[in-house]
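This report covers a predicted model. The sequence and structure are shown first, and the description comes after them.

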Amino acid sequence: MAVYSFYIFDRHTECIYTKTWLPPATSAPDGGGGPQGPTAAQHAPQQHQQQQLRTSSADDAKLIFGTVFSLRNMVRKLGGEDDAFVAFRTAHYKLHYYETASSLRLVMLTDTATPSMRNVLHQVYINLWLEYVVKNPLSPVEHKGGAGVKNELFELALDQFIRGLM
Amino acid sequence: MSYYFAIIGTQDNPLFEYEFGTSKQGGDGQSRFTEQAHHLNQFVLHSSLDIVEEVQWMNGQLYMKVIDKFFTNYISCFMTGGNVKFLLLHQPPQTEEAIKNFFNEVYENYVKAIMSPFYKVNMEVRSPVFRQRVAAAGRKYL
Amino acid sequence: MASSKASRLGEETRMDKVNAELVVLTYGAMVAQLCKDFDSDYVKVNQQLDKMGYNIGLRLIEDYLAKSNTFKRCSNFRETAEMIAKVGFKIFLNITPTITNWTSDGKQFSLVFDENPFADFVELPDDGRAQDELWYSNILCGVLRGALEMVQMQVEAKFVSDVLRGNDTTEMRISLIRYIDDELPPEDD
């Protein structure tokens, strides 16, 4: 099993944390989809994948958020308010999604063989995010521009936790 | 029989005073001090503070029993860990046990009263609840 | 049914213990200091407590969600009320206020506190105003407001009576103003 990257989005839709576990050059294709929406994402690699490889990570984050946000809305429309969007996969990667009731969204990209990471993301939320970011009295409540998230304890623990899985 | 109870702060400043009468043997709980006695009581009580300072090191107890006597007025003392003195003026010697119980109950309620966040050290205790409880303790034991 | 589920959830969630009196005295010292800092302007003190509570609520909700293992949103405001009273208050203060006085539209209710741990030992200052102006436990209103905002509910919370003031009960009124919509990502150009 391999974990490629991990993103956190806050309730203001801003990407407040990203981490990749492989150097970008060798990394698997990043979150595509974008304007083409959910149906395209389910299918084979996209044509403009090549260009996307070179897009900056900030753009990746935006694309990923746009995708998961529309997917989640679509899932709710089709499956009812209680339905939850969990993951999608392409030929190259699988994207796992976890959203808390406080509208914090955790996204993780792994290889395609990985089973559901929902539980793992939940653990990241309660054991790492909560303990090291929320409970840190010096970290701000709103993490504008990622403020307060990138602290050493959180980074270390996250890295350890994810490497432990691989 | 009448009682005069006072709490004296760490700077020998009065924090609380209360006069009451016995409720035992058909007493109605009203104090029967004469007009002049009010002032005399305060004076007698405060003059015993010197003795408290001597007695307080004699035994490690909070309750020091009767420490002073002025004619028929006896003074019993109880000192809290925070150096606040409870003094009770009574006439014929009461049973030590009854006074001890009274002090203990007052102490318990005193601690609650000063735990109020709006109370500051050596401030007069003005809580009406505390006054009621002192009265209740007096009725119960004296 | 939702009611008993909430009770069970509240019971099951065990918390580490912190000495209650330490909390009570800390909170008391803080309120007293605020009263001093604002020269006994109790309206300002109330505001300040509410603000502090709000900031606590914004964070506390995450802890609540994790501890209570909440995945789903409440389906209606009544369920929210149950969760607040029987899970939230149970987890953090180990009390369970009573939910009453619903308005018919289901958007306003009262929490009646039979016991209020914050108010132990407390007697309001006898300056003749505190009894009418100070809401001693006003921080709780802010906490609820902050916490509910994070789960997309804008509410107004305020105390309407307090035993410390000599009322028979301690009652907080909570009104749902609106559900907050998801924020949309900014348009890309």
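The text below treats the sheet of chain B, then one residue in a helix of that chain, then the contacts between chains.

**The sheet of chain B**

In this predicted model, chain B holds an open sheet of five strands, ordered β2-β1-β5-β4-β3, with antiparallel pairing. The edges are taken by β2 and by β3 (63-70) of chain B; each has a single partner strand, so one side of each has no neighbour in the sheet. Averaged over the sheet and with direction ignored, neighbouring strands are turned by 20 degrees against each other.

Two of the strand pairs are set out here, each with one pair of bridge partners.

| Strand pair | Sense | Bridges | Bridge partners |
|---|---|---|---|
| β3(B) and β4(B) (residues 73-79) | antiparallel | six bridges | Val66(B) and Ser76(B) |
| β1(B) (residues 2-8) and β2(B) (residues 14-21) | antiparallel | seven bridges | Tyr3(B) and Phe20(B) |

Helix α1 (residues 35-47) of chain B packs on this sheet. The strands that helix α1 touches are β1, β3, β4 and β5 (85-90) of chain B, and the direction of the helix makes about 130 degrees with that of β5(B).

The strands β1(B) and β2(B) form a hairpin with five residues between them. In this hairpin Asp12(B) has a positive phi, near 55 degrees. As a general point on strands, side chains in a regular strand alternate between the two faces of the sheet.

**Lys140(B)**

Is Lys140(B) buried or exposed? Lys140(B) has 12 other C-beta atoms within 10 Å, and a residue counts as exposed at 12 or fewer, so Lys140(B) is exposed. This residue is part of helix α4 (residues 128-141) of chain B. Between the C-alpha atoms of Lys140(B) and Gly81(B) the separation is 25 Å, and the two residues are 59 residues apart along the chain.

**Contacts between chains**

Which chains share the most contacts? Two pairs of chains touch, and of these the pair of chains A and C has the most contacts. Chains B and C also touch: eight residues of chain B are in contact with eleven residues of chain C. On the chain C side of this interface, eight residues are nonpolar, two are charged and one is polar. Chain A and chain B, by contrast, have no contact between them, and their closest C-alpha atoms lie 25 Å apart.

Terms used
Residues numbered from 1 in each chain as written. Chains lettered and ligands numbered in written order. Predicted model: local features only at pLDDT ≥ 70, side-chain atom pairs only at ≥ 80, totals over all residues. Contact = placed C-beta atoms within 7 Å. Nonpolar A, V, L, I, M, F, W, Y, C, P; charged D, E, K, R; others polar. Helix = DSSP H or I, 4+ residues; strand = E, 2+ residues; numbered from the N terminus. Buried ≥ 20, exposed ≤ 12 C-beta atoms within 10 Å, placed from the backbone. Pairing = 2+ DSSP bridges. Axes fitted to C-alpha atoms, helices over the stretch in contact; angles between N-to-C directions.
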